[in-house]
Amino acid sequence: MDLMVEASPRRIFANAHTYHINSISVNSDHETYLSADDLRINLWHLEITDRSFNIVDIKPANMEELTEVITAAEFHPHQCNVFVYSSSKGTIRLCDMRSSALCDRHSKFFEEPEDPSSRSFFSEIISSISDVKFSHSGRYMMTRDYLSVKVWDLNMESRPVETHQVHEYLRSKLCSLYENDCIFDKFECCWNGSDSAIMTGSYNNFFRMFDRNTRRDVTLEASRENSKPRASLKPRKVCTGGKRKKDEISVDSLDFNKKILHTAWHPMENIIAVAATNNLYIFQDKIN
């Protein structure tokens, strides 16, 4: 018989969430972890499966007064008392569990003020944060919203230190993306092992990589047609209007059903994993 690989649960932690869980993050103390849904974040001990401790609860007494939901949460990589969570309003709250048992008061609040001139019907939807990730060093965190990736210094709450546009050419397409529900897609993001580069997904099986030192970026495509084993990936470019060059793809012919929401980077090596619909691609930096 062929070798079959099957995952079997070691423990089941039950009955703590009313809504879908959007984040799980193991603490650096290796004893506890958090799980977050739309309205609550719970702290679990790895050895105790039948009860958890509620550390954030944003559920209003009257659900009609609900204005935002929790979209992602993560523990700090080195400080076991610190975690962050992001919201659908584009804000990030950093909490310290030493200050109080219920972390309803944040110790830091990160938000970029909106430019009133660019406000539109879609502003609130596209500013919703779909993922938040601490850098390995613990000094920075990265957030992903619909059109961009932002890098924040934990010592500066007023604005991000870097903003990388993922697919700015979609700004003119927000109407149709709203109609086909794509505007609510939740893209994730990740750091490379040395925190010098970041990666996130896009549509048409494209994924984007940004080099933080050189400020260079590249668009690559994960597809069966273009990905033969050992073949190198060619950078892709999207053309927004006018004459299309030979290798460019028109923004009107992008396939919005092909989307890369999940990406991961090896902690030590230049190996990445990209999930494109029902295919998983693993790419390695070219070895000379």
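**Strand E12 and its sheet**

Visitor: Which residues form the uncovered face of E12?
Guide: E12 is a strand (a DSSP run of at least two residues; helices, H or I, need at least four; both are numbered from the N terminus). Glu 162 and His 164 lie on the covered face of E12. That leaves the uncovered face to Thr 163 and Gln 165.

Visitor: What kind of model is this?
Guide: Residues are numbered from 1 along each chain as its sequence is written, and side-chain values use heavy atoms, with hydrogens and water left out. Local features need pLDDT of at least 70, side-chain atom pairs count only at pLDDT 80 or more, and totals for chains, interfaces and linings use all residues, in what is a predicted model.

Visitor: Which strands are at the edges of the open sheet?
Guide: The open sheet has four strands, in the order E9-E10-E11-E12, with antiparallel pairing. Two strands pair if DSSP finds at least two bridges between them. The strands that pair on one side only are E9 (131-134) and E12 (162-165).

Visitor: Which residue in E12 is the bridge partner of Val 151?
Guide: E11 and E12 pair in the antiparallel sense, over four bridges. Within E12, the partner of Val 151 is Glu 162.

Visitor: Which residue in E11 is the bridge partner of Tyr 140?
Guide: E10 (residues 140-144) pairs with E11 (residues 148-153) over five bridges, also antiparallel. Within E11, the partner of Tyr 140 is Asp 153.

Visitor: Why is Phe 184 called partly exposed?
Guide: Phe 184 is in the loop between helix H2 (174-179) and strand E13 (189-191). Buried means under 20% relative accessible area, exposed over 50%, and partly exposed in between (1.4 Å probe, protein chains only). Phe 184 is partly exposed because its relative accessible area is 40%.
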